[in-house]
Amino acid sequence: MTSETGFDPKLFDRFPTSEPRPQSEVDELTRIWAAPRGWRMLTIVNNNYVGLWYVAAAFLFFLLAGVLALVMRAQLSLPMLGVLPQETYNQFFTMHGTVMMFLFAVPIMEAIGVMLLPQMLAARDLPFPRLSAYAFWAYLIGGLCFFASLFAGLAPDGGWFMYPPLTNSTYSPGINADFWLLGIGFIEISAIAGAIEILVGILKTRAPGMTLARMPLFAWAMLVFAGMILIAFPSVILATLLLELERALNWPFFDATRGGDPMLWQHLFWFFGHPEVYIIFLPAAGLVSMMVSSLAKTELVGYQLIVLALLATGFISFGVWAHHMFTTGMPSMTTGFFAAASMAVSIPAGIQVFSWIATLAIGKPKYNTPTLFVVGGLVTFVMGGLTGVMVAMVPFDWQAHDTYFIVAHLHYVLIGGAVFPVFAAFYFWVGMTSRRPLSERLGKWVFWLMFSGMHITFLPMHLSGLMGMPRRVYTYLPGMQWEWTNMLSSIGAFILGAGVVLFLVDLLRNFRFTTDDDAGNIYGGGTLEWLPTGLYSTRSIPVIRSMTPLWDNPNLAKEVEEGRHFLPNSATGLRETLITSPIRAEPQYLQVMMGPSVWPLLGAVFTAGFFLLLTVQAYFLSLVCLPLATFSILRWLWDTDRPVHQKEVDVGAGIMLPTYVTGPSAHGWWAIICVLVVAAMIFFMAIFGYLFVYGVHPTYWVVPTERWWALPISVAYAAAAVLIFFGRWLLGRDRSTNWSPTIAIVFAALLIVAALATDWFSWRAQAIDPELTAQGAFSHAMLGLQGQLVAVVILMGGYLAARTARGLITRPRNTTFDVVTLFLLYTCAQGAATTLLLRFFPVSG
Amino acid sequence: MHNWRNLLGGLLLWAAHFFAVYIIGSVFPGERIAAVLVLITTFAILAVTLTLAIKALRARSDIDDGIQRWMSDLTLLGYLTGGVAIIYQGLPAVMFLL
């Protein structure tokens, strides 16, 4: 057998070990991983708690958005009702869509990931527990404040996709749209933080031997999900930033009268928005794949094909964004490409559906509550998928666009593809976190109410749409033939709501949170999350030899509990987990993990404060929050990347692993690469926007003069890059002083600042006004993006200097140093690309 | 990284093809030259896909390691999926020319 890292796979044969392990090891693990009590619970970072809070918060937003939907259905049940005034109705449908998509659908998947993945991978926790806590608090605080805007009449009202020109300052003059733009931008940052945690966690903290071929399908789905977030979400972050700049500073990115284009918003939004549908669907599909196998009590049919389908969906879903724009007059052949991709993406979805059907067909499923939700979801999703293929056909889409047919389609897909699977997952995995399972009897009622309610609501909407009822109307005239379909939809909505209320009753009656005496493996799952666990996850980390280890080795739970696998104790006396290689999951090193801290919470509070105060135009207070947020985050980071006294430790059976590594093996390296992917995607989408508006309105553009400035600026960036490499080289040299490498980096940072300043002032001298044309707006925005990176570079330089002063930069290698150098190098590359693009495009007039 | 590059090869080629034809269609909207360029691009990328798939198929016969064989199978399936999607993606150009 070959190795990925040099680790000898024969060492796995030492497990399970035979010698008894003392009880004191368990006591020590319990002490080390104990969660604080009282008000200090707010500082908890254990995934068991944070994951549950995260799920609960996402479910709260589902309920809140559901209430909005019920009020809207009451308004539409009969013609000309006055339940809601028109303006409030606009806010309700905007908030319903926004909250469901941004505050429920994506976060619930991340939340389930944070809760399940460490146990499913047999990691002690995900690699950045404080990042999980930060992502959760930022999401909760930001989400609640965002929702509260409804009570002040300040909620956004331009629809969940906020198309300009409706949402520019002329047609949406209040701060309602700003709430959406800043609120969603902020919440997306939280989603990206969660995605980084999940992606690195899946690649680096799997149990030894859990190769890619043995990885639970939920982990595969979450891996693709996290990757898609890193690629898709930067687009909406950029879009919200540009629209906010247009509203606040009158920079015309989307104003066609000044060379901008409102279509650009649609491209940027849907480049995020359509993959978002799959971002929601894929984790749910992963959950279904895991549940189907357990519920049917058989191996899943077509594991490898499902992996292929997940990967293929992850790619092809990025080729379908413009199918939301078929009616906007795109060139016919381009429209054809998007139609083709929209149909092609149904193939991987079909592969998964057939795998699930085949598994249920060959297995022996009992029709208990999770099975009902899985099958109900399957039926509903397939129906939604079929109407999806219909609207992928351009001529049909022209007829159905912006009608209730689309509303019906998207709800079929999202409820069948995500909501029902999530409810199935609640019933299936509740035994992991509750002393008591949920009620089977009530559960079946919940399912049938929700299933029938869903179809009674949305099936007639197809007809409403085909009869011409447009979306987003707050009422309609009598005699349009829409009365009975709307009445049916409203009745169905309340039946669906009754099902959800019954589920809440079930939760109140039966859910009792616990971390140690849970109800257990009610449905006979075969994966690792069903091993006995405490707050430290499993007592020892098992060697994995199959996809369903609990089915294939009935003694595994006992072996793990007796500490006969990896890491039966705390080798360093600190929180720690095994880091393994991405493909074969070979042990690489022992990661020392961070414990409870108030700083992630404070960081989230102040970050939220910055964005929300900015929204309500309390600029001074907002600017006060910014340094406080920065300090909180730096203070939390200050505790990380500390030298460990033991260079190597015994992780079980005499296998020695290092406690510190750097470079591509290190989890920190993977995290900064993810951050740079996000930064690069924002920049790439900005270039797309720059070229797009030029392509649409070239007459508004002027050829830059004094192009020679690009030379000194690029040379400055290149010189900074050389200094960075020099500093990295110095770090490994014994003969240099401790300060030498850091000084090289600080000088590089200063050069980067000088390069940007030169770029800015020389560009300003061109007199290409950001308020007059889209060229001016984009060029200033791109320099602004570079300015954001440079601000981080300055912080990083200071942070590195502070750590050097404290003797925290280890030699010959150091993760913090690597992270800083990678970020600075990227900044140099983006800076040089920006200056070259601005000065050499357009080439001629 | 070469393991990941191989694993995702077919899908990366699909992505390259998709964005190439999107750019061509946007630069020459509604023009015959666009359809011709799209077809050329489609055939070129299909040829690359086929070449890499054959290479992966040949390499597969030498693999006796479980995970490598599993990844090799997935790679081949990826090329197959990518190839089908690329053909599909090229069809609008054929329809345009007809």
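How many residues of chain B are in contact with chain A, and how many residues of chain A are in contact with them? In this predicted model, 32 residues of chain B are in contact with 25 residues of chain A.

## Where the chains meet

On the chain B side, three helices each supply at least two residues that touch chain A: α2 (9–27), α3 (32–60) and α4 (66–97). Of the helices of chain B, α4(B) gives the most, with 17 residues. Sorted by class, the side of chain B that touches chain A has 22 nonpolar residues, eight polar ones and two charged ones.

## A look at chain B

Chain B is built from four helices and zero strands, so its pattern, which counts helices and strands as numbered from the N terminus, is easy to follow. Read along the sequence, that pattern is α-α-α-α. Taken along the principal axes, the C-alpha atoms of chain B fill a box of roughly 50 × 25 × 15 Å. Chain B has 98 residues, and buried residues make up 38% of them. Now consider the contacts in chain B between residues at least 6 apart in sequence: 74% of these join residues at least 24 apart.

## Helix pairs in chain A

Let us turn to chain A and three of its helix pairs. Two packed helices are described by the angle between their axes and the distance between the axes. The table sets out these values for each pair.

| Helix pair | Angle between axes | Distance between axes |
|---|---|---|
| α7(A) (262–296) and α20(A) (667–696) | about 150° | 10 Å |
| α14(A) (440–466) and α15(A) (483–510) | roughly 160° | within 7 Å |
| α23(A) (774–805) and α24(A) | roughly 155° | within 10 Å |

Begin with α7(A) and α20(A), whose axes are 10 Å apart at an angle of about 150°. Angles over 145 degrees count as roughly antiparallel, and so α7(A) is roughly antiparallel to α20(A). The crossing in which α7(A) passes α20(A) is right-handed. On one side of this contact are Leu264(A), His267(A) and Leu268(A) of α7(A); they meet Met685(A), Gly689(A), Phe692(A) and Val693(A) of α20(A). By class, the contact of α7(A) with α20(A) has five nonpolar residues, two polar residues and no charged ones.

Next come α14(A) and α15(A), which cross at roughly 160°. These two helices are therefore roughly antiparallel to each other. Their crossing is left-handed. The contact of α14(A) with α15(A) has 19 nonpolar, ten polar and one charged residues.

The third pair is α23(A) and α24(A), with a crossing angle of roughly 155°. Once again the helices are roughly antiparallel to each other, and the crossing of α23(A) and α24(A) is left-handed. Many residues take part here: those of α23(A) include Met782(A), Leu783(A), Leu789(A) and Val793(A), while those of α24(A) include Phe817(A), Val820(A), Phe823(A) and Leu824(A). Counted by class, the contact of α23(A) with α24(A) has 13 nonpolar, seven polar and one charged residues.

## Two helices end to end

How far does α23(A) reach from its first C-alpha to its last? The helix has 32 residues and reaches 46 Å, close to the 46 Å expected at 1.5 Å a residue. After α23(A) comes Gly807(A), whose phi is positive, near 70°.

Helix α21(A), residues 710–731, can be checked in the same manner: at 1.5 Å a residue its 22 residues should span 32 Å, and its end C-alpha atoms are 32 Å apart, which agrees. Several residues of α21(A) are buried, among them Ala710(A), Ile713(A), Tyr717(A), Leu723(A), Gly727(A) and Arg728(A). What covers the buried residues of α21(A) includes α22 (739–764) and α24 (815–840) of chain A.

## One residue up close

Is His96(A) buried or exposed? His96(A) counts as buried because it has 20 C-beta neighbours inside 10 Å. This histidine has its place in helix α3 of chain A, residues 86–120. Leaving aside residues up to four places away in sequence, His96(A) touches Ala65(A), Leu68(A), Ala69(A) and Met72(A). Gly66(A) is 30 residues from His96(A) along the chain, and the C-alpha atoms of the two are separated by 7.3 Å.

Definitions and conventions: Residues numbered from 1 in each chain as written. Chains lettered and ligands numbered in written order. Predicted model: local features only at pLDDT ≥ 70, side-chain atom pairs only at ≥ 80, totals over all residues. Contact = placed C-beta atoms within 7 Å. Nonpolar A, V, L, I, M, F, W, Y, C, P; charged D, E, K, R; others polar. Expected span 1.5 Å × (residues − 1). Buried ≥ 20, exposed ≤ 12 C-beta atoms within 10 Å, placed from the backbone. Axes fitted to C-alpha atoms, helices over the stretch in contact; angles between N-to-C directions. Parallel < 35°, antiparallel > 145°, perpendicular 65-115°, else oblique. Left-handed = near helix turned anticlockwise from the far one by under 90°.
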